[in-house]
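Here are my notes on this model, written for someone who has not looked at it before. Please read them with the structure open.

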Amino acid sequence: MSPPPAAHTAGAAEPISATSTLAGSTCESAVVVEHLSKHFGDRVAYQDVSFEVGVGEVFGFLGPNGAGKTTTVRTLGTLITPSSGSATVAGIPLSPRNGPAIRSRISMMPESPGLYLRLTVLENLQCFAGLYTLDDVRRRIDRALGAVNLEDRAHDLCGSLSKGLRQRVALARALLNDPAVLFLDEPTSGLDPVATREVHELIASLRERGVTIFLTTHRLEEAERLCHRVAILNTTLRLIGRPDELREQLFRRSVEVRLRAPLSDPKSVLGALPEIEGWEPTPSGYTLTVTDPDLAAPALARALVGAGADILSIAESHHSLEDVYLELISEDVEAKSR
Amino acid sequence: MSASWRRVDAIVRKELRDYRRNRFVLGTMAAMPVLFITLPMIQLIAANATRNTAHLGLRIGLSLLYMLVIPVTMPSVLSAYSVVGEREQGTLEPVLTTPIRREEFLIAKALAAFVPTVVIAYAVFGVFLAAGALFAHPVIASAIYAGPHVLVQLLFTPLLAGWAIWVGIAVSTRSTDVRVAQQLSVLGSFPPLIIVALMSLNVIAESTALAIGLAATLLAFDLLGWRVVATMFDRERLVTGRGG
Ligand SMILES: Nc1ncnc2c1ncn2[C@@H]1O[C@H](COP(=O)(O)OP(=O)(O)O)[C@@H](O)[C@H]1O
Ligand SMILES: [Mg+2]
């Protein structure tokens, strides 16, 4: 069974998702997921997952290995039947009967590229153009190859291509049918840094063109860099929002003060300021939890000077999304080990 | 619900291209006709030498039976490879995420194994008939055409192939290892050939009516096999590769 979500993060998911969903855009949503769950026997792959992806949005699905990302993507791609809950993909309700209709409007790039290695790049794409029953095959293939900068590799056997190039062919294949939603499952896993950067650039250019992308990754910087919004999944959905919102949501803003000597009565100085919600001593001063650093810092400086303290520095401390992520994941580890 | 022949065509074309560049498949396609034309020819030459009428029927029956091994083994090897092989290469998931319906997928896989098999098996039989007409003693040549021999060969080649294909696909939807799938499906493909063997070797008296009756029964089993395989085809199981 999956661990119950930590109270404060689960609570936090709601307000953020409400503000960051494209306002009043139900008909504009490329994907709507409501309370979706999937169990394999008594093993839970993911549970009670709800979110929306707007048209033209790049939506990141971030989580550690085994979080349920691939299973979610396969469910939305109609390969796996959910155990409960409902979803709408590309405007079509998810149901076994609607499988072919949904699949014709989306495309998916699975974790491994899955190319026919004894066929050329062109032959692979021709096969899939046939499977999508596309018209104007030649032009579409040229365009897809152009989008991933592989025009000159059309006649290479896929078996002769490097991992990074294969990934680009798989991306071209996924672009053939101009999908309403493009699902990319860990598009850079196993690639070297150069190939990873190339794939990132391609995704960024698709984002520019307004392609709706659902991207799963276990790599934080990838989600932060490419996505308009990020959902953090670990069996259940932990947080959802813009990368900058997530940072703020999980970590209250804080201010670091360094003093020449500790305050003799910190409570009377720090406790008297309404902008300061709490404090903790550090070796050289205090870490203060504040509502707004821009208001707190000047008031704090005046109060400290008034109390006769020698201020060495006052600085706002920044948290990266990485901190947010690690915090969430470590909570899960604790929850699971209980 | 209409099948899209374009999708079927896309898979069949892909499959035939893949065979042509697959050494194992090419080897099987080349070795089987060579083996199963050589064995009948040896029988033919032996029959030519003795001209003993008692053994003549047996030798002709055996020759024809050898040639029917082609439509039993070749498609089961090809079709067992076709699903498990795709899963091993990771190509099954991308195909199943296209709008393809399971009927289209299965028909395409079946055709890709059926067409080359029937072409090769008929060609081998044609070579045998030509050799019989050109080089064998007239007694032998006429023995080949006696009774329902030719009819049996023409009817049972596609019917046995059909059975072997469904067995091969059925096995490979459940299996995760190409070798195991191929061996199991070759095994599962043989039973109908045993019935044909009893008839060809005159254990049960061969007659046109019996041949047609058996062919009709096998056809019924082929159609049933198609329904069974279609219901066994489960995207989720195929993609996740575990019992679902
Ligand atoms: N077919 C299956 N049968 C049983 N458990 C499965 C199956 N597929 C996935 N799982 C389990 O579901 C969980 C989520 O897997 P997955 O979606 O692949 O995670 P991710 O893609 O985030 O790494 C894992 O614990 C995995 O072992
Ligand atoms: Mg995964």
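1. In chain A, strand β4 (residues 84–89) and strand β5 are paired in the antiparallel sense, with two bridges between them. This is a predicted model, and every point below should be read with that in mind. One of the bridges can be followed by residue: V89(A) has I92(A) in β5(A) as its bridge partner. T88(A), for its part, stands opposite P93(A) in β5(A).

2. The connection between these two strands is worth a look. β4(A) and β5(A) make a hairpin, and two residues lie between them. A90(A) is in the turn and has a positive phi of about 50 degrees.

3. Which strands make up the sheet that holds this hairpin, and in what order? It is an open sheet of four strands in chain A, ordered β2-β1-β4-β5, with antiparallel pairing. β2 and β5 (92–93) of chain A are the edge strands; each has a single partner strand, so one side of each has no neighbour in the sheet. Inside the sheet, β1(A) pairs with β4(A) in the antiparallel sense over five bridges. Across that pairing, V32(A) stands opposite T88(A) in β4(A). T88(A) therefore appears twice in these notes, as it also stands opposite P93(A) in β5(A).

4. A helix packs on this sheet. α2(A) touches β1 (29–40), β2 and β4 of chain A. The direction of α2(A) makes about 120 degrees with that of β1(A).

5. The same helix leads to the ligand. Both β2 (43–54) and α2 (69–76) of chain A supply at least two residues each to the shell around ligand 1. α2(A) gives the most, with three residues. In total, 13 residues surround ligand 1, and the closest are G66(A), G68(A), K69(A), T70(A) and T71(A). By character, the shell consists of four nonpolar, six polar and three charged residues. As for its place in the assembly, ligand 1 lies between chains A and B.

6. Which side chains come up to oxygen atoms of ligand 1? For T71(A), a polar side-chain atom lies 2.5 Å from an oxygen atom of the ligand. For T70(A), the corresponding distance is 2.7 Å. In the side chain of R43(A), an N or O atom is 3.4 Å from an oxygen atom of ligand 1. Taken alone, ligand 1 exposes 570 Å², and the protein buries 82% of that.

7. Chain A has another open sheet, also of four strands, in the order β12-β13-β11-β14 and with antiparallel pairing. Here β12 (276–282) and β14 (311–317) of chain A stand at the edges; each has a single partner strand, so one side of each is left without a neighbour in the sheet. From one strand to the next, the twist averages 20 degrees.

8. Strand β11 of chain A can be followed on both of its sides. Strand β11 (residues 254–259) is joined to strand β13 (residues 285–290) of chain A by five bridges, and the two run antiparallel. With β14(A), β11(A) pairs in the antiparallel sense over six bridges. What stands opposite E256(A) in β13(A)? The residue there is T287(A). In β14(A), the bridge partner of E256(A) is A315(A). Further, S254(A) has T289(A) in β13(A) as its bridge partner.

9. This second sheet also has a helix across it. Helix α11 (residues 293–306) of chain A lies across β11, β12, β13 and β14 of chain A. Relative to β14(A), α11(A) runs at about 165 degrees.

Key. Residues are numbered from 1 along each chain as its sequence is written. Chains are lettered from A and ligands numbered from 1 in the order in which they are written. This is a predicted model: local features need pLDDT of at least 70, side-chain atom pairs count only at pLDDT 80 or more; totals for chains, interfaces and linings use all residues. Side-chain values use heavy atoms; hydrogens and water are left out. A residue is near a molecule or strand if one of its heavy atoms lies within 4 Å of it. A polar contact is a pair of N or O atoms within 3.5 Å; within protein, one must be able to donate a hydrogen and the other to accept it, and residues adjacent in sequence count only if both atoms are side-chain atoms. Accessible areas come from the Shrake-Rupley method with a 1.4 Å probe; for residues, only the protein chains shown count as cover. Ala, Val, Leu, Ile, Met, Phe, Trp, Tyr, Cys and Pro count as nonpolar, Asp, Glu, Lys and Arg as charged, and the others, Gly among them, as polar. Axes are lines fitted to C-alpha atoms, for helices over the stretch in contact, and angles run from 0 to 180 degrees between N-to-C directions. Contact means heavy atoms within 4.5 Å.
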